[in-house]
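Visitor: Could you take me through one part of this protein up close? I'd like to look at the place where the ligand sits, and then at whatever else catches the eye along the chain.

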Amino acid sequence: MARRKLIAGNWKMNKTAAEGAALAKELKAAMVAINPNGVCGESISQIRDAEGTHTAEVLVCPPITTVPAVVVELEGTCCQVGAQNIHWADNGAFTGELSGAMLKEIPVSYVLIGHSERRQYFGETDETVNKRTKAALKYGIKPVVCVGELLAEREAGQTNAVCERQTRAGLAGLTAEEMKNVVVAYEPVWAIGTGKVASNEQAQEVHAFLRGILKSLFGAETAEATRILYGGSMNAANAAGLLAQPDIDGGLIGGASLKAADFAAIVSAAK
Ligand code: PGA
C-alpha cells in the first residue's frame, strides 16, 4: 500500500497572528501555483496531480495563538493546521497547558508530540509523550510523535537504541487501529536547526529500523501503512533526495517552513 507523503511545517515560537496570516497568504499562492488543477482535491488536505491522484498531504503547525488566523487564511486550500503541544488531562490545575477539547475547538487536525525541544527544555519524557499521544487520539487529533538521537548518542553508536526506546515508550498501549491516525517523525537532534542534514542513507537506515520496530509492535500491515517523516534541516535543495528514500514518507520542517517559496518547493518535491 502506497503511503501518501505528509509535508509538515513546524513554525515553533515564530509568527504572531498577523505575521502568520501573511505567511499563510503567501503559502496559499504558492500552493495554488504548484497544484496543476489550481485548486485542491475533494479533501482540502491533499495535493492532487493532473490525473487527480492524491500525491501529498500538507500541514502547518503555528503557535496556538496564531492558529485561528492561519485557519481562516488557509480555508479551501490543501493545507491543514496543527498544534505543537497537547496536555493529557481533560481539564484541571495545569497552568499554561491546553487540553484536547480546547485544541479540537480551535480547530486543529494534528499535533506535534515529543519534539526534541520539548524534551530538552520542558521536561518532556517518554512517559509524557505517551500520555499526550493517547490524549490526542482520544480527541480525534492526529499525533505526530517525534523521536531522535542526540549527537553524543549517535557518536556512541546508540542511535537505534535511543530511537527504539522512544518509539516503544511513546506508542506504548496503542492499538493497530489507533495507529492509523499516528505519524512518527525521526528527527536526529544534531540535524535540527543546525544546517547539518542527515544524509539520505543515514536517514533511510533509521527509518527502515523504525519501521521494523513498528512491525514488531503492531504487525506488518500497520508498519507498512504508518508514515515516518524525516526532520532536521530539510530544505528545498535536499528534500527530493530524502523524500525519494523508500521509508521516508514526508518531512517535518522547521526553518524552511517559515519561507513560503521554500516550503512549497518541498511540497513539490513530495509529489
Ligand atoms: P529544522 O527543524 O528544519 O529547522 O531543522 C526541524 C524541526 O525541529 O522540526
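Guide: One term before we start: a residue counts as buried when its relative accessible area is under 20%, as exposed when it is over 50%, and as partly exposed in between. Keep in mind, too, that this is a predicted model.

Now to the ligand. There are 13 residues around it, and the ones that come nearest are Lys-12, His-115, Glu-187, Gly-193 and Ser-233. If you sort the shell by character, you get four nonpolar residues, seven polar ones and two charged ones.

Some of the contacts are worth picking out one by one. The side chain of Lys-12 has an N or O atom 2.7 Å from an oxygen atom of the ligand. With Gly-193 it's the backbone that takes part: one of its N or O atoms lies 2.7 Å from a ligand oxygen. Gly-255 also uses its backbone, with a polar atom there 2.8 Å from an oxygen atom of the ligand. On its own, the ligand has 280 Å² of accessible area, and the protein covers 95% of that.

Let's stay with Lys-12 for a moment. You'll find it in the loop between β1 (5-10) and α1 (17-34). Its phi is near 55 degrees, a positive value in a residue other than glycine. Lys-12 counts as partly exposed, because its relative accessibility is 21%.

Ser-233, another of the residues that come nearest to the ligand, also has a positive phi, about 60 degrees, although it isn't a glycine. Its home is the loop between β8 and α11. Ser-233 has a relative accessible area of 17%, so it is buried.

While you're in that loop, look for Ala-236, which lies between β8 (227-231) and α11 (239-243). Ala-236 is partly exposed, with a relative accessible area of 37%. Its C-alpha atom is separated by 28 Å from that of Glu-153, and the two residues are 83 apart along the chain.

Next, helix α2, which covers residues 67-74 and has Val-67, Val-70, Glu-73 and Leu-74 buried. Looking down the axis of α2, you'd see its buried residues fall within an arc of 125 degrees, so they line one face of the helix. Just after α2 comes Gly-76, with a positive phi of about 80 degrees.

What about the cysteines? The count of disulfides comes to zero. Take Cys-61: the closest cysteine sulfur to its own is in Cys-79, 9.2 Å away, so that's too far for a bond. Cys-61 is buried, with a relative accessible area of 0%. Cys-79 has 5% relative accessibility, so it counts as buried too.

One last stop is the peptide bond between Ile-106 and Pro-107, which is cis, with omega at about 0 degrees. To find Pro-107, go to the loop between α3 (100-104) and β5 (110-113).

Conventions
Residues numbered from 1 in each chain as written. Predicted model: local features only at pLDDT ≥ 70, side-chain atom pairs only at ≥ 80, totals over all residues. Heavy atoms only, no water. Buried < 20%, exposed > 50% of the residue type's maximum accessible area, 1.4 Å probe, protein only. Helix = DSSP H or I, 4+ residues; strand = E, 2+ residues; numbered from the N terminus. Arc of directions from axis to C-beta. Near = heavy atom within 4 Å. Polar contact = N/O pair within 3.5 Å; in protein donor to acceptor, adjacent residues only side chain to side chain. Areas by Shrake-Rupley, 256 points an atom, 1.4 Å probe, with all protein chains shown as cover. Nonpolar A, V, L, I, M, F, W, Y, C, P; charged D, E, K, R; others polar. Disulfide = S-S within 2.5 Å.
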